[in-house]
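Colleague: I would like a close look at a single part of this predicted model, followed by a word on how that part sits within the whole chain.

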Amino acid sequence: MCAMRGVRRAVVALGLWAVSASAQTTPVPSTAALSQVDGGEALAWVRARNDATFAALQADARYQPFYDDVLAVTQSHDRLALPQFMDGRIWNFWQDDQHPHGIWRATSPASFLQSRPAWTTRLDIDALARQEHRNWVFKGAECLSPQGRFCMVSLSDSGEDATSEREFDTRAAMFVTHGFALPRSKQSVAWVDRDTLLVARDWGGGSLTSSGYPFIVRRWARGQPIDQAQEVMRGAPTDVSVGPVALTDGDGHHMVLIRRGVSFFDDRYARVDADGVHELALPHRLDLWGLLRGRLILSINEPFRADTGAIFAAGSLLSVDPVKPDHAPQLLFAPSPRQALNEVGVSRGAVVVTLFDTVRGRALLFRPSDAPNGPWASQTLELPDMATVSLADASPATDQIFLHVEGYILPPQLWTVNGKTGVSQLVRSEPALFDATTLVVDQNWAKSSDGTAIPYFVVHRRDWTLSGTTPTLMTAYGGFQASYTPTYAPEIGRVWLAHGGAYVVANIRGGGEFGPSWHEAGRKAGRQKVYDDFVAVARDLFARRITQPRFLGIRGRSNGGLLMGVEFTQHPALWGAVIIGVPLLDMLHYETMAAGASWADEYGSMSVPAEKRVLEALSPLQHLSVGTAYPVPFIFTSTRDDRVGPVHARLFAARLEALGKPFFYYEDTEGGHSGTANAAEVAHERALEGVYLSRQLMDQH
């Protein structure tokens with residue numbers, strides 16, 4: 001992640017010029033007009049603000065080199081190809097300068113381990129986009145089984161969450177003629193058998209939840225008109241979403257489930273078989289990872305008392321028999337107070353766990369006993385320190401497991417682990433995409449407002465001087481139990497670190513760095529702790545004489561964009577630059593905007609008086625005031641974002657404009673919530689940020 005902002009008079013003047021000049025021809029539309037995502041008045045306003053931002057920032061001599069640098073690393077042919085085992089082969093989705101939309105390709109397992117695998121393209125998304133005149137974005141595939149050849153491929157127009165689904169034959173490398181096909185919707189599918197799917201989608205007639213997701217699941221047989229698909233289960237319009245899940249293990253057990261998301265963190269699972277739908281006696285706050293020997297592998301985000309009386313702590317990893325609830329769950333792993341599960345993979349005969357130990361990556365391997373309900377064998381895998389270890393691939397069809405290892409200055413590595421023997425080895429390393437030979441990484445701790453110790457990482461030059469003048473970029477997330485951990489970001493390396501900047505990642509509450517309790521502390525009534533933690537890290541940077549407010553820029557996206565908005569309004573004097581990306585900013589109305597209703601379990605609801613008071617106290621849009629001196633922000637969003645939506649960012653920028661406050665605004669017309677649709681668009685947006693940050697924080701030296 002990265003963040004950027006402005007230089008005193010010159011940049012402020014540019015920001016003011018950008019707003020006032022465009023405002024002469026395009027007055028600020030009303031809230032109602034800006035809320036019409038594709039409305040003519042709103043889009044005219046967007047174009048004018050985009051043009052003003054481009055005129056100010058693309059004219060800078062640094063824009064083109066920054067653009068070239070980011071494009072080079074995002075399209076580098078030396079990037080690691082991450083594997084997915086399927087149909088007896090290794091598959092990979094790949095984008096580069098020749099394939100901006102990407103190709104889905106395959107090779108043999110033996111070839112993949114070679115220095116230059118022999119890839120064969122199976123689906124060319126660029127060719128498909130040209131043929132169909134659509135801006136297709138590949139969103140993955142749901143396959144019949146790890147060994148099977150048929151998959152439902154998800155394609156999104158311009159990167160939005162809604163997808164089109166088509167049946168694909170991996171061996172013939174073509175879409176199946178007259179195969180299963182579903183038009184655009186927010187939807188999910190799961191294979192029951194070769195000729196049957198469970199489908200959750202918009203069936204019309206009020207079949208979407210208040211969050212905009214399906215709550216009705218139907219069984220669809222091959223050759224049957226979709227409107228004749230038979231209902232299997234329905235949730236409620238007040239749920240977040242309801243959808244099917246299919247699991248297969250290495251012994252051939254196939255289990256079809258329906259997940260009912262009652263709230264964002266409360267999931268109820270039911271098993272589907274020939275006798276109907278049967279709710280499972282599982283904890284409601286859980287993450288389901290896979291199936292091994294017919295037992296579910298899951299982690300729990302709340303304490304759980306099993307029917308047998310056994311009690312398991314939040315954050316534990318369990319093996320549970322879904323058919324015989326009277327059988328005791330088996331404990332695989334219980335984290336210490338400084339540990340947290342990251343990801344879990346299930347291979348043919350083992351479970352691999354990646355975790356954080358004091359926000360440093362680790363990996364463990366668990367193998368079940370041959371005796372029924374016998375103890376599991378565990379093994380710690382030897383991997384690099386000060387890094388993030390994540391799961392690249394684990395498939396029930398093979399014992400071969402792949403792990404991905406990376407750090408702030410450690411280029412990504414791909415490791416293979418034998419699930420039978422526990423032997424691990426380095427497969428390949430990505431070449432360095434920026435010069436990190438002069439850089440080091442420190443981990444420091446700050447004390448928050450309630451005395452809680454908050455860890456953070458600092459990436460900086462080895463020969464720096466602690467004079468309080470280092471241009472520093474700081475980021476965090478602080479929500480949804482998502483962890484911000486060491487990640488190799490070559491665009492930051494080239495655009496920021498290479499020019500003398502320092503990079504800071506704060507592991508604030510609301511995330512998952514220390515497990516469910518770390519998240520719970522920043523949820524709902526605890527939201528202000530998240531923002532206090534971030535400020536505590538900033539003040540610790542000042543106290544250590546790393547930087548000072550005029551040299552400190554901050555950046556965040558989505559929930560991190562909300563974090564930036566709150567810090568912008570609560571502590572405007574602490575920042576020299578603020579980048580607010582695809583953000584939530586109107587917290588008084590977020591529940592009625594795009595998919596906002598789904599996040600009430602994280603932020604609280606305006607319908608609950610105590611939670612309403614918290615939201616009113618922090619909502620950035622309503623706390624903008626005419627008498628406050630704000631730094632000039634860079635606000636970016638996407639017209640095609642159907643998750644958070646562009647309206648939050650539009651209303652915030654329009655309010656700044658009405659108050660006569662300068663800002664930079666960029667709304668990408670493609671890409672959805674997760675990012676821009678292709679490498680050129682990514683390079684454009686990051687280069688704009690790079691110029692903005694350099695002007696705001698570096699040009700003062």
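Colleague: Which residue in E15 does Gly243 stand opposite, and what surrounds that pairing?

Modeller: Gly243 stands opposite Arg259 in E15. The two strands concerned are E14, which covers residues 241–248, and E15, which covers residues 254–261, and they pair in the antiparallel sense over 8 bridges. Between E14 and E15 the hairpin has 5 residues, and in this hairpin Gly252 takes a positive phi near 95°. On from there, E15 also pairs with strand E16, residues 267–273, again in the antiparallel sense, here over 6 bridges. In that second pairing Leu257 stands opposite Arg271 in E16, and E15 and E16 likewise form a hairpin, with 5 residues between them. E15 therefore has pairings with both E14 and E16, given that two strands count as paired if at least two bridges are found between them.

As for the nonpolar interior, the largest nonpolar core has 109 residues, and those with the most contacts inside it are Met474, Phe534, Trp575, Tyr603, Phe634 and Phe652. A second, separate core of 23 residues includes Val242, together with Met152, Ile216 and Met233; Val242 falls within the span of E14, residues 241–248. Such grouping is in line with a general tendency: in soluble globular proteins, nonpolar side chains tend to be buried together.

Turning to the whole, the protein chain has 14 helices and 39 strands, and buried residues make up 60% of its 701 residues. Among contacts between residues at least 6 apart in sequence, 59% join residues at least 24 apart. Because a compact globule with 701 residues would have a radius of gyration near 27 Å, the 25 Å of the protein chain agrees with that expectation. The C-alpha trace spans about 70 × 55 × 55 Å along its principal axes, while the accessible surface comes to about 25900 Å², of which 51% belongs to carbon and sulfur atoms.

A word on confidence belongs with all of this. The protein chain averages a pLDDT of 93, and 95% of the residues score at least 70. Over residues 1–24, however, the pLDDT is below 50, although this stretch has 79 contacts in the model beyond near neighbours in sequence. Where pLDDT is low, the predicted coordinates should not be read in detail.

Technical notes: Residues are numbered from 1 along each chain as its sequence is written. This is a predicted model: local features need pLDDT of at least 70, side-chain atom pairs count only at pLDDT 80 or more; totals for chains, interfaces and linings use all residues. Side-chain values use heavy atoms; hydrogens and water are left out. Helices (H or I, at least four residues) and strands (E, at least two) are DSSP runs, numbered from the N terminus. A nonpolar core is a set of buried Ala, Val, Leu, Ile, Met, Phe, Trp, Tyr and Cys residues joined through side-chain atoms within 4.5 Å. Buried means under 20% relative accessible area, exposed over 50%, partly exposed in between (1.4 Å probe, protein chains only). pLDDT is the predictor's confidence in each residue, from 0 to 100. Contact means heavy atoms within 4.5 Å. The radius of gyration is taken over C-alpha atoms; the globule rule is 2.2 Å times the number of residues to the power 0.38. Accessible areas come from the Shrake-Rupley method with a 1.4 Å probe; for residues, only the protein chains shown count as cover.
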